[in-house]
Amino acid sequence: MDLFEYMRLEKAKKESPLAVRMRPRTLDEVVGQSHIIGKNRLLYRAIQADKISSLIFYGPPGTGKTTLAKVIANTTSSRFVQLNATTSGKKDMEKAVNEAKEASGMYGKGTILFIDEIHRFNKAQQDYLLPFVEDGTVVLIGATTENPYFEVNSALISRSKIFRLEPLSKEDISSLIHIAVSDTERGMGSYGASITEEAADFIADMAGGDARSALNAVELGIMTTQPNESGKIVIDLETAQECIQRKVLTYDKGGDNHYDVISAFIKSMRGTDPDAAVFYLARMLDAGEDPKFIARRIMICASEDVGNADPQALPLAVAASLAVERVGLPEARIILSQAASYVASAPKSNACIVAIDKAQEMVKHKNTGQVPPWLRDAHYGGAEKLGHGIGYKYAHNYPENYVKQQYLPNELCGECFYEPTENGYEKQIKEHLEHLRNREEEA
């Protein structure tokens, strides 16, 4: 590196965004993620001992994936090479691998290859790395915001340890904010600014676990706020609200978080928690989820999890789905809220899905026999000669429109598929069926 390159890098450091300048350099400076880098944790010990195996860091933006890679770069005795899958290709990987081979052969030095946004590499690009990860030419560290089990080749997954990073807590982000404001070496301390507790608390809350978003707001506030009468820059609540006007929502309609939120939405309705159901509905709507998709999930839940315990749940959900298509947003949110809260509050039964699952399993794997002759179609010439329809008992000719009769094939006589529960209207269905069956037995 010549003098001009050194000066360029030093200038870039000073002019880098606050979030980049405040990136921790050592494990002790890292805030949060104690579940994976707390003292005596596996990753903490591995970094300290410089015994890193291939890793994949997975988590939302701003949670420290690249930060941990940089900490490893600062502590390892191995060469550290960084690529970004959004701008790099196979040639870049080939160059990194060849240099790793040379470093190992000539100097006995290992290479850590850090690939940011690794999910952006296609299958062929990921496959290229396999033999070199396998034989130890490089130690791979991948970072991704997507679920690696969906987006990273299973062969690479099997050769790596997966560490999930969680959104930082409000307290962790608040701590980072105060450090950034006062730090004179890498932070905003040279401005002599201050931030009120109320403002720091607001930014920490609105950042939604994303440290980068919080630090960007702090930097914007200090850089754009005029000094007060005392010549001091003070970031108060009003300034903080201007700098981070919208809460950061981690939600990718095609990614892992999409499935997590819709899963929580369905499970909240199933678990009879209308408050949680409406909350997750709001998150999806705010993130731009298709309201028709949400309406379909409500219809499925109305049948799968409510069923005959409340037979009105499905018609209401279907009506809501039609209304959503005709009305559109923003008013459709009210319709979805009504449907979701109704289905969530309704009594629950999964007897219908249990029944069809059991019946389909039997159809696939057992001899299910033939339709009994008396149930077969008799509305054509010659049917009677085949014995079709003979002996059939027409239910409406009997008391309560019921008569005991074999409907299942001989091979399945006695099988029970639909078993009503004691919940909601299904309790009445159960009592009605028991009454009819017992009446016939008494006769």
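Which side chain meets Glu219 in a salt bridge? In this predicted model, the partner is Arg21, with an N to O distance of 3.7 Å. Glu219 sits in helix H12 (residues 211–224) and Arg21 in helix H2 (residues 18–21), so this contact ties together parts of the chain that are 198 residues apart in sequence. If you go looking for the pair, look inside: Glu219 and Arg21 are both buried.

That salt bridge has company, as the structure holds 13 of them. Take Arg79 and Glu99, whose closest N and O atoms are 3.6 Å apart. Here strand S2 supplies Arg79 and helix H6 supplies Glu99, so the bridge links parts that lie 20 residues apart in sequence. Arg79 counts as partly exposed because its relative accessibility is 21%, where the cut-off for buried is under 20%. Glu99, at 32%, is partly exposed as well. Then there's Lys430 with Glu422, where the closest N and O atoms come to 3.1 Å. Lys430 has a relative accessible area of 24% and is partly exposed; Glu422 is also partly exposed, at 46%. Elsewhere, Arg25, Glu29, Glu185 and Arg186 are joined into one network by salt bridges that share partners.

Now for the strands. A good place to start is S4 (residues 139–144), which is mostly covered, with five of its six residues buried. Strand S1 (residues 55–58) pairs with S4 in the parallel sense over four bridges, and Ile56 has Gly142 of S4 as its bridge partner. Strand S3 (residues 111–116) also runs parallel to S4, this time over five bridges. Asp116 is the residue that stands opposite Ala143 in S4. To get from S3 to S4, the chain passes through helix H7 (residues 123–134), and the resulting β-α-β crossover is right-handed.

Back at S2 (79–84), follow the chain into the loop that leads to helix H6 (90–107), and you'll find Ser88. Ser88 is buried, because its relative accessible area is 15% and anything under 20% qualifies. What does Ser88 touch, leaving aside residues up to four places away in sequence? The contacts are Leu83, Phe121 and Gln125.

Next, some backbone geometry worth checking. Most residues other than glycine have a negative phi, and most peptide bonds are trans. Asn40 has a positive phi, near 75 degrees. You'll find Asn40 in the loop between helix H3 (34–37) and helix H4 (42–49), and at 63% relative accessible area it is exposed. Asn401 has a positive phi too, about 55 degrees. Asn401 belongs to the loop between helix H19 (351–365) and helix H20 (424–442), and it is partly exposed, with a relative accessible area of 45%. As for peptide bonds, the one from Leu329 to Pro330 is cis, with omega near 10 degrees. Pro330 lies in the loop between helix H17 (313–327) and helix H18 (332–345).

Last stop: the rings. A search of the whole structure turns up five aromatic pairs. One of them is Phe279 with Tyr280: the ring centres are 5.0 Å apart and the planes meet at 65 degrees, so the pair is edge-to-face. Phe279 is partly exposed, with a relative accessible area of 46%, and Tyr280 is partly exposed at 22%.

Technical notes. Residues numbered from 1 in each chain as written. Predicted model: local features only at pLDDT ≥ 70, side-chain atom pairs only at ≥ 80, totals over all residues. Heavy atoms only, no water. Helix = DSSP H or I, 4+ residues; strand = E, 2+ residues; numbered from the N terminus. Buried < 20%, exposed > 50% of the residue type's maximum accessible area, 1.4 Å probe, protein only. Contact = heavy atoms within 4.5 Å. Phe/Tyr/Trp six-rings, centres within 6.5 Å; stacked < 30°, edge-to-face > 60°. Pairing = 2+ DSSP bridges. Right-handed = clockwise from strand over helix to strand, strands pointing away. Salt bridge = Lys/Arg side-chain N within 4 Å of Asp/Glu carboxyl O.
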